[in-house]
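The following report describes selected helix contacts, charged pairs and individual residue environments in a single protein model.

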Amino acid sequence: MTITHWIGGKPWDGEAERHGDVYNPATGQVSGQVDFASPAEVELAVQAAKDAFVTWRRVSLARRASVLFAFRELVRARTAELARLITDEHGKVTADAAGEVARGLEVVDFACGIPHLLKGGFSENVSTGVDSYSIRQPVGVVAGITPFNFPAMVPMWMFPLAIACGNTFVLKPSEKDPSASLLLASLWAEAGLPDGVFNVVHGDKVAVDAILQHPDIKAVSFVGSTPIARYVYENGTKAGKRVQALGGAKNHMVVLPDADLDLAADAAVSAGFGSAGERCMAVSVLVAVDPIGDELVARIRDRVANLRIGPGSDERSEMGPLVTGPHRDKVASYLDSGVRQGATLAVDGRAHPVIGGTPRNQEGFWLGPSVLDHVTPEMSCYTDEIFGPVLSVLRAPSYDAAVRLVNDSPYGNGVAIFTSDGGAARQFVSEAEIGMVGVNVPIPVPMAYYSFGGWKASLFGDTHVHGTEGVHFYTRGKVVTSRWPDPSHGGVNLGFPVNT
């Protein structure tokens with residue numbers, strides 16, 4: 001199977017110079033090939049988007065909303081098919097894949113309200129006979145560069161609002177799981193979106209650099225690792241583009257001694273190992289405030305032992321494989337390095353049984369949930385974003401020490417606190433230097449009408465995605481000062497205009 005670009009309302013019919021293999025992570029077998037874009041294909045996509053922008057920006061808000069509503073219903077009807085594509089190429093279990101589509105649809109729902117979201121302000125008679133009002137207008141051709149871990153949801157954080165605001169869009173999804181983006185493109189076409197408004201180009205750094213350097217792309221949204229986010233931000237802004245680049249994370253979950261430990265253990269396992277830990281909002285660090293560490297780790301160990309690891313297509317599976325073999329090997333290496341640096345391997349996921357699919361140690365990219373206990377801040381398992389099913393447990397002597405751990409991290413994406421003390425929770429919300437905070441909620445991903453994004457090395461740029469900040473990112477503000485003079489005006493006056 002060959003997966004190709006979507007340009008100007010249809011699949012690209014050219015011959016690619018380079019290709020990449022697409023794998024089924026549960027079997028380790030190649031399931032298809034994806035065309036890699038050269039700068040020439042990026043140019044074709046941008047030109048199609050530029051041509052479409054001329055008319056799409058003038059389409060009424062009511063018409064744009066009607067296309068979005070149609071797209072929403074089509075995605076909803078094809079959720080199972082989208083989920084299957086995600087499972088086949090990413091490896092996550094079917095329920096998780098369907099949940100990803102549902103969370104992406106929340107942004108589509110929000111974007112359907114674009115007539116309300118683009119309402120400006122109006123002030124009558126700011127000076128004698130003078131009115132002022134504000135409007136927001138699209139920026140032009142915009143691009144999204146998205147990661148492998150959410151091949152449907154993260155693009156849907158971006159393109160519904162961008163298109164609703166009157167822009168045209170070029171998506172560069174991950175080359176590891178590219179098929180979902182093409183199904184979404186075909187659903188846009190079926191919904192009545194004009195050709196060229198939404199385009200998809202596949203590829204690697206060559207395509208990314210072509211996007212960052214293209215003078216006709218006015219804004220770029222990115223989600224991925226911190227080093228690449230910094231690269232995208234620096235090179236995109238150097239080329240004069242508006243950029244929002246969301247980077248990596250090391251999300252802490254602080255558990256105070258008064259917390260419900262069963263609730264906390266359930267949350268740590270769910271947030272640490274869902275989607276095989278391959279999500280930027282996964283809990284990868286558990287901070288147990290003395291004296292509950294041993295008891296909490298014991299409860300986590302009991303829960304992990306009962307998790308069912310297997311192919312995402314098997315309805316019994318709760319966690320699937322990792323996305324590629326090299327990534328699995330890199331994640332697993334932190335178990336050995338953690339022990340060498342002084343941590344205790346409380347749970348070794350390499351020994352976790354796999355149901356169905358291939359036997360252990362054969363072709364699938366398997367690694368079960370793993371727990372490193374007695375981790376300290378200088379260990380690489382703590383400092384690095386592992387992006388896999390490895391939970392690091394640190395012990396803190398007090399609430400204040402736990403807050404210092406959180407705030408000393410260079411990342412600032414998400415954090416959670418588990419406690420029965422409302423005062424402690426309120427203080428933590430104020431003191432945590434993190435963009436998204438959960439109180440007894442382990443994965444505090446906001447609803448679509450709020451904005452998603454972190455602080456510090458987890459975000460480059462000033463604007464978070466979706467919500468009102470997303471609307472502002474994909475539009476430019478304009479203020480109009482207007483006077484329709486009375487025919488009996490007073491003639492020329494060279495003085496500086498002032499209120500009278």
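In this predicted model, D262 has a relative accessible area of 37% and therefore counts as partly exposed. Salt bridges with shared partners link D262 with D266, E295, R299 and R303 in one network. Within that network, the side chains of D262 and R303 meet directly, with N and O 3.1 Å apart. Because D262 belongs to helix α10 (residues 261-273) and R303 to helix α11 (residues 293-305), the pair ties together parts that are 41 residues apart in sequence. R303 is likewise partly exposed, at 22% relative accessibility.

**Other charged pairs**

Side chains of opposite charge can pair when their charged atoms come close. Across the whole structure, a search finds 21 salt bridges, and three of the pairs are set out below.

| Pair | N to O distance |
|---|---|
| R18 and D204 | 2.9 Å |
| R303 and D262 | 3.1 Å |
| K172 and E175 | 3.4 Å |

The salt bridge between R18 and D204 spans a long stretch of chain: R18 lies in strand β4 (residues 18-24), whereas D204 sits in the loop between β10 (198-200) and α8 (205-213), so the pair ties together parts that are 186 residues apart in sequence. R18 is partly exposed, its relative accessible area being 35%. In the salt bridge of K172 with E175, the two partners can be described separately: K172 counts as buried at 4% relative accessibility, while E175, at 23%, counts as partly exposed.

**Helix packing**

Two packed helices are described by the angle between their axes and the distance between the axes. Helix α2 (residues 61-77) packs against helix α7 (residues 179-191) at an angle of about 130°, and their axes are 8 Å apart. The two helices are therefore oblique to each other, and their crossing is right-handed. On the α2 side the contact is made by V67, L68, A70, F71, L74 and V75, and on the α7 side by L184, L187, W188, E190 and A191. Sorted by class, this contact of α2 with α7 has 10 nonpolar residues, no polar residues and one charged residue.

How do the axes of helix α4 and helix α6 cross, and within what distance do they come? The axes of α4 (residues 94-111) and α6 (residues 153-164) cross at roughly 15° and come within 8 Å, which means that α4 is roughly parallel to α6. The crossing of α4 and α6 is right-handed. From α4, the residues E100, V101, R103, G104, L105, V107, V108, F110 and A111 meet M153, M156, W157, P160, L161 and A164 of α6. The contact of α4 with α6 divides into 12 nonpolar residues, one polar residue and two charged residues.

**Buried residues and their surroundings**

Helix α8 contributes a run of buried residues, namely A207, V208, D209, A210, I211 and L212. The elements that cover these buried residues of α8 include α1 (39-56), β8 (141-145), β9 (168-172), β11 (217-223) and α9 (226-238).

Helix α3 (residues 79-90) contains T87, and H90 also lies in α3. T87 is buried, with a relative accessible area of 6%, and, once neighbours within four places in sequence are left aside, T87 is in contact with K92, V93, T94, A97, G312 and S313. H90 is buried as well, with a relative accessible area of 0%. With neighbours within four places in sequence again set aside, H90 is in contact with P25, F148, N149, D177, S275, E278, P321, L322 and V323. One of these contacts can be placed in both sequence and space: H90 and D177 are 87 residues apart in sequence and 6.0 Å apart from C-alpha to C-alpha.

Is L391, which lies in strand β17 (residues 390-396), buried or exposed? L391 is buried, with a relative accessible area of 0%. Not counting residues up to four places away in sequence, L391 touches A268, F273, V283, S284, V285, L286, I300, S370, V371 and L372. By contrast with those contacts, L391 and S186 are 39 Å apart in space, C-alpha to C-alpha, and 205 residues apart in sequence.

Notes
Residues are numbered from 1 along each chain as its sequence is written. This is a predicted model: local features need pLDDT of at least 70, side-chain atom pairs count only at pLDDT 80 or more; totals for chains, interfaces and linings use all residues. Side-chain values use heavy atoms; hydrogens and water are left out. Axes are lines fitted to C-alpha atoms, for helices over the stretch in contact, and angles run from 0 to 180 degrees between N-to-C directions. Helices (H or I, at least four residues) and strands (E, at least two) are DSSP runs, numbered from the N terminus. Angles under 35 degrees count as roughly parallel, over 145 as roughly antiparallel, 65 to 115 as roughly perpendicular and the rest as oblique. A crossing is left-handed if the near helix is turned anticlockwise from the far one by less than a right angle, and right-handed if clockwise. Contact means heavy atoms within 4.5 Å. Ala, Val, Leu, Ile, Met, Phe, Trp, Tyr, Cys and Pro count as nonpolar, Asp, Glu, Lys and Arg as charged, and the others, Gly among them, as polar. A salt bridge is a side-chain nitrogen of Lys or Arg within 4 Å of a carboxyl oxygen of Asp or Glu. Buried means under 20% relative accessible area, exposed over 50%, partly exposed in between (1.4 Å probe, protein chains only).
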